[in-house]
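Thanks for coming. I will take one residue as the starting point and then turn to the core and to confidence.

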Amino acid sequence: MPIFEFHCNDCGQDFEKLVFGSGEVVECPACHQTNCEKLMSACNAKVGFKLTSTSSGGKGASCTGCTATSCSTCH
């Protein structure tokens, strides 16, 4: 089951939620409103001996050479 990241448009809270189906209504755990949007998440996957990232490599995202959140040698 996939865990998605959401943002509440009412209170500004970012949170994660396990979603079982595409029709499931997502409620903010902070304010209990349903005015939430799914965020795009960067993810990493280990393929063989290489760490692969689906992120754009921008600030705050891990690069494919390491798991640090910022690395001057990888850019």
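Start with leucine 18, which lies in strand E2, residues 14-18. This is a predicted model, so keep that in mind throughout. Leucine 18 is partly exposed, because its relative accessible area is 35%, and buried would require under 20%. In space, leucine 18 and proline 2 are 6.0 Å apart, C-alpha to C-alpha, with their positions 16 residues apart in sequence.

Now the core. Seven residues make up the largest nonpolar core: Phe6, Cys8, Phe15, Val19, Val26, Cys28 and Cys36. Two of its members have low accessibility: phenylalanine 6 is buried at 6% relative accessible area, and phenylalanine 15 is buried at 9%. The structure holds one aromatic pair. That pair is phenylalanine 6 with phenylalanine 15; the ring centres are 5.8 Å apart and the planes meet at 20 degrees, so it counts as stacked.

Cysteine 28, also in that core, touches Cys8, Cys11, Gln13, Phe15, Gln33 and Cys36, leaving aside residues up to four places away in sequence.

One further ring contact: lysine 38 places its charged end over the ring of phenylalanine 4, 4.1 Å from the ring centre.

Last, how far does confidence carry? The chain averages a pLDDT of 76, and 57% of the residues score at least 70. By element, strand E3, residues 36-38, has the highest mean at 95, and strand E5, residues 50-53, the lowest at 61. Over residues 56-62 pLDDT stays under 50, and the model has ten contacts for them beyond four places in sequence. Where pLDDT is low, predicted coordinates should not be read in detail.

Terms used:
Residues are numbered from 1 along each chain as its sequence is written. This is a predicted model: local features need pLDDT of at least 70, side-chain atom pairs count only at pLDDT 80 or more; totals for chains, interfaces and linings use all residues. Side-chain values use heavy atoms; hydrogens and water are left out. A nonpolar core is a set of buried Ala, Val, Leu, Ile, Met, Phe, Trp, Tyr and Cys residues joined through side-chain atoms within 4.5 Å. Buried means under 20% relative accessible area, exposed over 50%, partly exposed in between (1.4 Å probe, protein chains only). Contact means heavy atoms within 4.5 Å. Helices (H or I, at least four residues) and strands (E, at least two) are DSSP runs, numbered from the N terminus. pLDDT is the predictor's confidence in each residue, from 0 to 100. Rings of Phe, Tyr and Trp (its six-membered ring) pair if their centres lie within 6.5 Å; planes under 30 degrees apart count as stacked, over 60 as edge-to-face and the rest as tilted. A charge sits over a ring if NZ of Lys or CZ of Arg is within 6 Å of the ring centre and within 35 degrees of the ring normal.
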